[in-house]
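Thanks for coming, everyone. I'll walk through a few local features, one at a time. Have the structure open as I talk.

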Amino acid sequence: MVSKRDPLSANIRHFSITACLVPICSLYGAAVTTVEGVGSINTRLHPVQERIAKSHGTQCGFCTPGMVMSMYTLLRNHPQPSEEQLLEALGGNLCRCTGYRPILASGRTFCVESNGCQQKGTGKCCLDPRGNDSSSLLRESDICTELFAEDEFQPLDPTQELIFPPELLRMAEKPEKQTLIFRGERVAWISPGTLKDLLELKAKHPEAPLISGNTSLGPAVKSQGHFHPILLSPARISELSMVSKTSDGLTIGAGCSLAQVKDILAERVSELPEEKTQTYRALLKHLRSLASQQIRNMASLGGHIISRHCYSDLNPILAVGNATLNLISEEGTRQIPLNEHFLAGLASADLKPEEILESVYIPHSQKWEFVSAFRQAQCQQNALADVNAGMRVILKEGTDTIKDLSIAYGGVGAATVSAQKSCQQLVGRPWNELMLEEACRLLLEEVSLPGWAPGGKVEFKRTLVVSFFFKFYLEVLQELKKLVKLMPDSHHYPEISDQFLSALEDFPITGPQGVQRYQRVGSHQSLQDPVGRPIMHLSGLKHATGEAIFCDDIPMVDRELFMVLVTSTRAHAKIISVDLSEALDLPGVIDVITAEDIPGTNGSEDDKLMAVDEVLCVGHIICAVVAETEVQAKSATEKIKITYEDLEPVIFTINDAIKHNSFLCPEKKLEQGNVEEAFEKVDQIVEGEVHVGGQEHFYMETQRVLVIPKAEDKELDIYVSTQDPAHVQKTVSSTLNIPINRITCHVKRVGGGFGGKVGRPAVFGAIAAVGAIKTGHPIRLVLDRKDDMLITGGRHPLFGKYKVGFMNNGRIKALDIECFVNGGCMLDDSELVTESLILKLENAYKIRNLRFRGRACMTNLPSNTAFRGFGFPQGTLITESCITAVAAKCGLLPEKIREKNMYKTVDKTIYKQAFSPETLIRCWNECLDKSSFHSRRMQVEEFNKKNYWKKKGMAIIPMKFSVGFAATSYHQAAALVHIYTDGSVLVTHGGNELGQGIHTKMLQNACQILLKRLEPIIKKNPEGTWEDWIESAFEQRISLSATGYFRGYKAFMDWEKGEGDPFPYYVYGAACSEVEIDCLTGAHKKIRTDIVMDACCSLNPAIDIGQVEGSFIQGMGLYTTEELKYSPEGVLYSRGPDEYKIPTITDVPEEFNVSLLPSSQTPPTIYSSKGLGESGMFLGSSVFFAITDAVATARRERDTVEDFTVRSPATPERVRMACADRFTEMIPRDDPKTFRPWSIPIA
């Protein structure tokens, strides 16, 4: 949080910021508060920290300090915020673990008005289903819906907050006018105190940019290598923040932040009549979704305009709103229009090098003038627009004749594009259907995009150009309708069909509400027994205070060096030469580590740590620079000259791999019954394809390792963020050719893993260890997000083909599925993923005749690896797509087909393992009941009849998820418990804390054996303290150590016979989701999700519900927004949060209910509990199939009956183009053979 005194209002302004973008020099005169300054476990917790921890809003904890600071800043400005303010404050924070719901729940405890349960305190909830819960085996009194006790929280007392430092206040009240200069090695930061000094500096250094928020320049410097030796900061120039209101418009200083601009416009809108504020309202609409609040707090209006990004959300509106730029220099002032010439960067319409932008004048709108703004992005908030637009029309008073028309688009060219010619041709035309048709034709001619346009999505963007204009057409008609009511004798305007009205409404931004239900512990259970209770995460408070130590929080150790990896820029090539000379000559560079420096083995034959003669993908590690600082190491990587000779073939897609017979392992196959014979006896056969894109792990903590060599015996201490420290240990041992016992791996906690930190950390640990041994120095290796995403791989993209035979009543008699996953260039876990996928393909269905086949393709992409769900989320999407296809052919609802084909009685799976589906059926029935599925299905159908451009969809999906691996040795586990003589306890076990709360659950279960040993002592002295008992036990020589060992479940799979007992138990579940789509833009809104999950006897309901919610949201991301884009050369484009969109807090369903099914069975597990971390991923597909349902409804209504290929994720682009209509029909289409596309599909 940054706090400054506002020179205009004299108030102290607190605002949250994105710390990585803020130059230290820009903080002169500001107070900075970090999470450590808010509260501490050693002194006093702040209520924000306490509540986020006790509300279970923290899992891995890496994102928690950011969440705390966003909420803390909000409370400093608004001690009793509204829910809207809370959502806005958290909209720019990302979390990969929790699913956001508990974070929002903690923030809601501060809100003045809450949309929460109206029956709070009554023991009931307004979201509970009405009537009898016939499928539940337990009374409602045994079910609990509270995960934390709000009355235990300490109150928020604003009087106890830190004051603004008096010295800074004095400086702000009597500012010094002298120019401040901060000089670095390469850059000088100059901050003048007066406007006159700024203009002099700009005249002297015309090439020097003005830097305000650093939100545009910062990323350009970091990722694009831009360099400016002099930076001018106008932060202290009050004239650039002035606001002036006149009778005809509003002038806003260029130095005002976008957050301030939003407040200024909102105030002006409240003061003026509606007809004068059309442009202001349009700007406000986009300011609510532009970037995040943290970015809006930093970015300035002037910077946003001058940057002229093609995706700018404000420039199209300012252009059509006839805004004027007020420029100033030593020569004086002048005005230029913010028009298409300025936005295109024409010299005649641009600033002169010595000029700066002082302010922006935005005129009022007038009567009969209508201004609208539109944008469509990959997700609703915190995403750059694919296409945006500003549109303005003035009609001749009392008529529908166009007097003036302006349209500007962003995202469809290198700059904001103005459709000037089209607008001129439409002047004088009446505002009716004929004009609409002509306008669409003209716009598509003028706003043309080539098929190879950067950013891709060309046909989607073309469609949005006309879809947006259609929305504008309807909006103007609606406004005219209002005017007609005020002026009964005025002109008659075209009517809007009631079915079209919903096209005018944007999806509102709302926070999730919901109920979490779990089984209460029995009344016989001791209050001291924590098992089954919603205990806070063991490290929750440390997460919230920033005192939880992650790998890279370890302070710099003596003589430490920094390592940066050098990777291939070619997808498949022979390395001709590697020239290190220039890099080694740079100051601070100590060495460059290559494969030749490895004393032991360089990985395996098929999976080398570092490339030797050949690179197999872009991102293949070739060598590593070791230097005194990260900056020096990164500079040196750019000086290493690598000469390549391209090799053939270069394979990226699954189709190419199939053509070249390029596979990583043999085919995996399971079969039962007689598939061919069954196909001959069915009523109908459907064949289809399913494509599922990959997924990036996007753990909050990127890959990192610190290796510290010891003085003797080649011993090493390795601090690493990994899910498998033993694998790191083993790999380092073989790489250095030293025994494992000399390598100690330390893993305190991991900032998210999801499978991405199983195998890859061993590679980074081994390379860093080679550097440590060679140089004799500690080595720190930390991947930035861009390199992490480029190098590490992710979830396997999948291509599946199915053939399904069924009877007319929906009974499936035969199913044949062939799957191909894109494994990348090395084996990694691809064989295991393929096996897992094939074993789990049948999901919840008993089909007598089955054939499942799977292959892992070898391609020239980074090796894909383990990911939460391990093939199940991709593969089972094919199975459920078959169900949907059968339903469509039979004219039945998908849920009826699911019920008809589900396992009903004790049976055997395709691999001959026996199981009972009783719990599966209970989950299904409870989900139907708790979601009020059948009544809501009728409501959805009624809605769809009344709305043409918005459609709702529903889907309910069952799940049978098998837990574990088909190898007994994988399931063994050990633990060691020591009680020390002071009474403290140490628990050591083989699990890793990734956010799943394993340490918390361990402590809930530890000490049973030791307690039994202490029983005689406790009986003798029942009034004694724990310390007394331990001391007595020590004196009586009772062992205070205990070991626990679990040999594992017997698990095996014989692939030759196609049978086995591969899984110790199953997790069952069901999820029902309802969505609404906008057929004109492809956007969707998640209305409600109900999940019922079989946890059996939950050890900790808070942790288990958190795992279900987090995995569901991650799965929802896989199926809706998370899209990996590769260039035709195999370069990953989407290498950061700008291009790759994981769900944010506004993506969570409006109503989100999770129920843990009351226990009825006792699986062979600890306390009859189950592991829920993986299984919930697939339930996110209920959102995907709800979207598919809505799209299918739209297609039926438009008589577009032919089947369409199922492609995941269901992005706005795919949804919009699937909802074929007159606008998708009118766009020009390119022959794919005539151009090289910007990106290629790899699944």
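One definition before we start. Strands are DSSP runs of E, at least two residues long, and they are numbered from the N terminus. One caution as well: this is a predicted model.

Let's begin with Val707. It lies in strand β26, which covers residues 704-709. Is Val707 buried or exposed? Buried means under 20% relative accessible area. Val707 has 0%, so it is buried. Who touches it? Set aside residues up to four places away in sequence. Then Val707 touches Leu716, Asp717 and Ile718. It also touches Gly765, Ala768, Ala769 and Ala772. His777, Pro778 and Ile779 complete the list. One long-range figure: Val707 and Thr215 are 492 residues apart in sequence. In space, their C-alpha atoms are 34 Å apart.

Now a glycine. Gly1130 lies in the loop between α34 (1101-1120) and β43 (1151-1156). Its relative accessibility is 2%, so Gly1130 counts as buried. Which residues is Gly1130 in contact with, leaving aside neighbours within four places in sequence? They are Val618, Phe652 and Leu861. Gly1130 and Arg108 are 1022 residues apart in sequence, and 45 Å apart from C-alpha to C-alpha.

Next, a helix. Look at α26, residues 830-840. Of its 11 residues, 9 are buried, so the rest of the structure largely encloses α26. Ser830 is one of the buried ones. The others are Val833, Thr834, Glu835, Ser836, Leu837, Ile838, Leu839 and Lys840. Note that Glu835 and Lys840 are in that buried set.

On to helix packing. Two packed helices are described by the angle between their axes and the distance between the axes. Our pair is α3, residues 64-77, and α4, residues 83-90. Their axes come within 9 Å. They cross at roughly 140°. That angle makes α3 oblique to α4. The crossing of α3 and α4 is right-handed. On the α3 side, the contact is made by Met67, Ser70, Met71 and Leu74. On the α4 side, it is made by Gln85, Leu86, Ala89 and Leu90. What is the split between nonpolar, polar and charged in the contact of α3 with α4? There are 6 nonpolar residues, 2 polar and no charged.

Now the sheets. The first one on my list has 3 strands, in the order β5-β6-β7. It is open, and the pairing is mixed. At the edges stand β5 (180-183) and β7 (230-232). Each has a single partner strand, so one side of each is left without a neighbour in the sheet. Neighbouring strands of this sheet are turned by 15° against each other on average, direction ignored. Strands β5 and β6 (residues 188-191) run antiparallel, joined by 4 bridges. Within that pair, Ile181 stands opposite Ile190 in β6.

The other sheet has 4 strands, ordered β13-β14-β15-β16. It is also an open sheet, with antiparallel pairing. Its edge strands are β13 and β16 (417-418), each pairing on one side only. Between β13 and β14 there are 9 bridges, in the antiparallel sense. Here Arg375 stands opposite Asn388 in β14. A helix joins the picture too. Helix α10, residues 278-289, packs on the sheet and touches β13 and β14. The direction of α10 makes about 15° with that of β13.

Stay there for the backbone. Asn382 is found in the loop between β13 (369-377) and β14 (385-395). Its phi is near 60°, a positive value in a residue other than glycine. Asn382 is buried, with a relative accessible area of 18%. A second asparagine, Asn214, has a positive phi of about 65°. Asn214 is found in the loop between α7 (195-204) and α8 (217-224). It is buried, at 13% relative accessible area.

Last, cis peptide bonds. One joins Glu648 and Pro649, with omega about -5°. Where is Pro649 found? It is in the loop between β23 (641-646) and α21 (654-659). Another cis bond runs from Ser1208 to Pro1209, with omega near 10°. Pro1209 lies in the loop between β44 (1206-1208) and α37 (1212-1218).

That's my tour. Over to you.

Notes
Residues are numbered from 1 along each chain as its sequence is written. This is a predicted model: local features need pLDDT of at least 70, side-chain atom pairs count only at pLDDT 80 or more; totals for chains, interfaces and linings use all residues. Side-chain values use heavy atoms; hydrogens and water are left out. Buried means under 20% relative accessible area, exposed over 50%, partly exposed in between (1.4 Å probe, protein chains only). Axes are lines fitted to C-alpha atoms, for helices over the stretch in contact, and angles run from 0 to 180 degrees between N-to-C directions. Angles under 35 degrees count as roughly parallel, over 145 as roughly antiparallel, 65 to 115 as roughly perpendicular and the rest as oblique. A crossing is left-handed if the near helix is turned anticlockwise from the far one by less than a right angle, and right-handed if clockwise. Contact means heavy atoms within 4.5 Å. Ala, Val, Leu, Ile, Met, Phe, Trp, Tyr, Cys and Pro count as nonpolar, Asp, Glu, Lys and Arg as charged, and the others, Gly among them, as polar. Two strands pair if DSSP finds at least two bridges between them.
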